[in-house]
Amino acid sequence: MAQINFNSIYTTYYRKAFLFTLSYVHNDLVAEDIVSEAIIHLWELSKEKEIPSIEAILITYIRSKSLNYLKHIQAQENVFQTLQHKGQRELEIRISTLEACDPKEILSGEFREKVNSLLASMPEKTRIAFIRDRLDGKSHKEIAEELGISVKGVEYHLTKAVRILRDNLKEYAPFLFFFI
């Protein structure tokens with residue numbers, strides 16, 4: 001069994017194999033890697049058994065590796081397109097929602113009534129902490145002194161108030177930034 005000389009394989013087939021591979025993968029580095037692997041594979045195979053057709057083995061190996069690469073690129077492209085499509089739909093929804101936004105409606109009596117009703121239903125310290133913080137602009141320390149609780153207690157009541165408002169005013173969610 002005669003082993004094929006590596007340099008002989010390389011000089012005879014590298015350029016043709018590279019151009020063939022490049023015509024499919026369109027990436028010089030990838031083509032170089034695939035052809036180099038193919039030539040090494042062919043050389044190692046020649047150590048084990050006699051090779052009846054070097055070209056056939058080389059093309060088969062290159063074809064397989066190139067197909068794997070292209071299928072991987074295709075899968076990546078499909079994921080990218082799916083994400084891009086999803087992002088486009090989300091953007092369209094944001095645009096249409098904002099176009100439908102009517103500040104008069106948001107600031108309407110109905111919205112204010114809902115907020116006032118929710119504030120009225122809150123425990124006293126929670127309601128007072130929220131009003132003093134968000135409407136009166138007092139510091140947490142000032143609120144704590146007024147209510148006779150710790151600053152952490154004020155933070156607890158503020159978190160509770162915001163959660164109540166957010167949970168009950170979901171339809172107004174984007175506009176709550178102005179109020180909460």
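Accessible areas come from the Shrake-Rupley method with a 1.4 Å probe; for residues, only the protein chains shown count as cover. The model is predicted: local features need pLDDT of at least 70, side-chain atom pairs count only at pLDDT 80 or more, and totals for chains, interfaces and linings use all residues. Residues are numbered from 1 along each chain as its sequence is written, and side-chain values use heavy atoms, with hydrogens and water left out.

**Exercise 1. Describe the surface and the elements of the protein.**

Step 1. Take the surface. The protein exposes about 12500 Å². Carbon and sulfur atoms supply 55% of that area.

Step 2. Take the buried part. Of the 180 residues, 27% are buried (under 20% relative accessible area; exposed is over 50%, partly exposed in between, with a 1.4 Å probe and protein chains only).

Step 3. List the elements. There are 8 helices and 0 strands. Both are DSSP runs numbered from the N terminus: helices are H or I with at least four residues, strands are E with at least two.

**Exercise 2. Work out how α7 and α8 are oriented to each other.**

Step 1. Recall the description. Two packed helices are described by the angle between their axes and the distance between the axes.

Step 2. Read the values. The axes of α7 (residues 140-147) and α8 (residues 151-168) come within 8 Å and cross at roughly 100°. Axes are lines fitted to C-alpha atoms, for helices over the stretch in contact; angles run from 0 to 180 degrees between N-to-C directions.

Step 3. Classify. The helices α7 and α8 are therefore roughly perpendicular (65 to 115 degrees; under 35 is roughly parallel, over 145 roughly antiparallel, the rest oblique).

Step 4. Find the contact (heavy atoms within 4.5 Å). Helix α7 brings His 140, Lys 141, Ile 143 and Ala 144. Helix α8 brings Val 151, Val 154, Glu 155 and Leu 158.

**Exercise 3. Classify two ring pairs of Phe 6.**

Step 1. Set the rule. Rings of Phe, Tyr and Trp (its six-membered ring) pair if their centres lie within 6.5 Å; planes under 30 degrees apart are stacked, over 60 edge-to-face, the rest tilted. The count comes to 5 aromatic pairs.

Step 2. Take Phe 6 and Tyr 10. Their centres are 6.4 Å apart and their planes at 25°, so the pair is stacked. Both lie in helix α1 (residues 6-25), 4 residues apart, about one turn of the helix.

Step 3. Take Phe 6 and Trp 43. Centres 5.4 Å apart and planes at 75° make this pair edge-to-face. Trp 43 lies in helix α2 (residues 28-48), so the pair ties α1 to a part 37 residues away in sequence.

Step 4. Check exposure. Phe 6 is partly exposed at 28% relative accessibility, and Trp 43 is partly exposed at 24%.
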